[in-house]
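Here's a quick round of questions and answers on a single protein chain. Have a look at the model first, then read on.

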Amino acid sequence: MSPPGRPKGECRSAQHEGASVSPPFPAELLSRIEDAGINASAPREQRWVDGWLVRFSPGKAKRARCVQAVAAGRLPLDERLRHCLAIYAEAGLQPYFRITPFSLPTGLDEFLAERGMERIDDTRVMVAALDAGAPALGKSGEPSPALNCRAVDADAFAEWVGRQRGSSPEARAAHAERIRQSPVRYRALSIDDAPGETIVGGQVAVEGELAGLYDIFSAEAARGRGLARVLCRKLLQLAAADGARVAYLQVEAGNAPARRLYQRLGFADAYSYHYRSPPPR
């Protein structure tokens, strides 16, 4: 579902402290990447409220259970906020409002802060080229003759990564449903050890020339062995073969090991976002 009313080529980085755009990426490209990320995380449970896309999936990912403020709207902000909070109350979910350089209207972050909403989950969107010879497409190598890299379907992947993260059965089922019904094509790969147990997994979502890495996860026993880098390159090679020319991903700002991995693959910070949420009751 494409967001309405966003001015292309315009980044409102000055509007929200901590939600900024970094050069040298063109604003038009970053706006397209933001749209692609919204499309790739589309759940069944969503509705429009005066220019805001309100998502209320029971899954774990906040991007599928938050308000995406993509248009300025016409209602007074307090009235629009009441409508959104009522939706989350009815669904029995904690409300989250995603604040990006593209969020509308101007001053939304400050408005939510003034109403007692806490700032959480400082996140970076990182971007890399998928041109021939780019680091992201460098030789992936093979993990080891004793390990096996294979394609995985939506249900199997959501079950594995959900268990690794400690997600509830309901959240794992919602994740699988979201992948199956996504308007954007997902492809998942896993690396399995000799006994056949998955130790690394991840997905790539391709929309035109854009490819998004999602749910890259390594089991404890697999960390520090370079397997996540192998997996990411294999996913990006698949995306490039499907026509993707630019890759993006979202990673928590404080996740230093993951950020180092992505930097070695040629990714650089493009812009940041965070969430606002009422204090849990």
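Q: What covers the buried residues of α4?
A: Keep in mind that this is a predicted model. In α4, the buried residues are A154, F157, A158, W160, V161 and G162. One helix and several strands are part of their cover, including α5 (169-180), β6 (148-152), β7 (185-192), β8 (198-207) and β9 (210-218).

Q: How far does helix α4 reach from its first C-alpha to its last?
A: Helix α4 runs over residues 154-165, so twelve residues in total, and at 1.5 Å a residue the expected span is 16 Å. The model comes out close to that, with a reach of 16 Å.

Q: Which residue caps the N-terminal end of α4?
A: Look for a side-chain oxygen by the backbone nitrogen of D155. There is one at 3.3 Å, and it belongs to D153.

Q: Which residue just after α4 takes a positive phi?
A: Go to the other end of the helix, whose residues are 154-165. Just after it, a phi of about 75° turns up, and the residue is G166.

Q: Which residues are the closest to the centre of the largest pocket?
A: This pocket has a volume of about 1,300 Å³. Its lining takes in 47 residues. Helix α4 is among the elements that give two or more residues to that lining, along with others such as α6 (227-241) and β11 (268-277). The closest to the centre are R165, I216, F217, N255 and Y262.

Q: Is D109 buried or exposed?
A: D109 is found in helix α3 (residues 108-114). Its relative accessible area is 3%, and buried means under 20%, so D109 counts as buried.

Q: Which side chains make polar contacts with the side chain of D109?
A: One polar contact, at 3.2 Å, joins D109 to the side chain of H274. Another, at 2.7 Å, links D109 to a second side chain, that of R276. That gives H274 and R276.

Q: What share of the residues in the protein chain is buried?
A: Stepping back, the chain has seven helices and eleven strands. Among contacts with a separation of 6 or more, 72% come from residues 24 or more positions apart. Of its 281 residues, the buried share is 54%.

Q: How much of the accessible surface of the protein chain belongs to carbon and sulfur atoms?
A: The whole accessible surface comes to about 12,400 Å². The part that belongs to carbon and sulfur atoms is 49%.

How values were computed. Residues numbered from 1 in each chain as written. Predicted model: local features only at pLDDT ≥ 70, side-chain atom pairs only at ≥ 80, totals over all residues. Heavy atoms only, no water. Helix = DSSP H or I, 4+ residues; strand = E, 2+ residues; numbered from the N terminus. Buried < 20%, exposed > 50% of the residue type's maximum accessible area, 1.4 Å probe, protein only. Contact = heavy atoms within 4.5 Å. Polar contact = N/O pair within 3.5 Å; in protein donor to acceptor, adjacent residues only side chain to side chain. Areas by Shrake-Rupley, 256 points an atom, 1.4 Å probe, with all protein chains shown as cover. 1 Å grid on protein atoms, 1.4 Å probe; cavity = no way out; pocket = protein on both sides within 12 Å on 5 of 7 lines; lining within 4 Å. Points joined across faces, edges and corners; volume = space filled by probe spheres on them.
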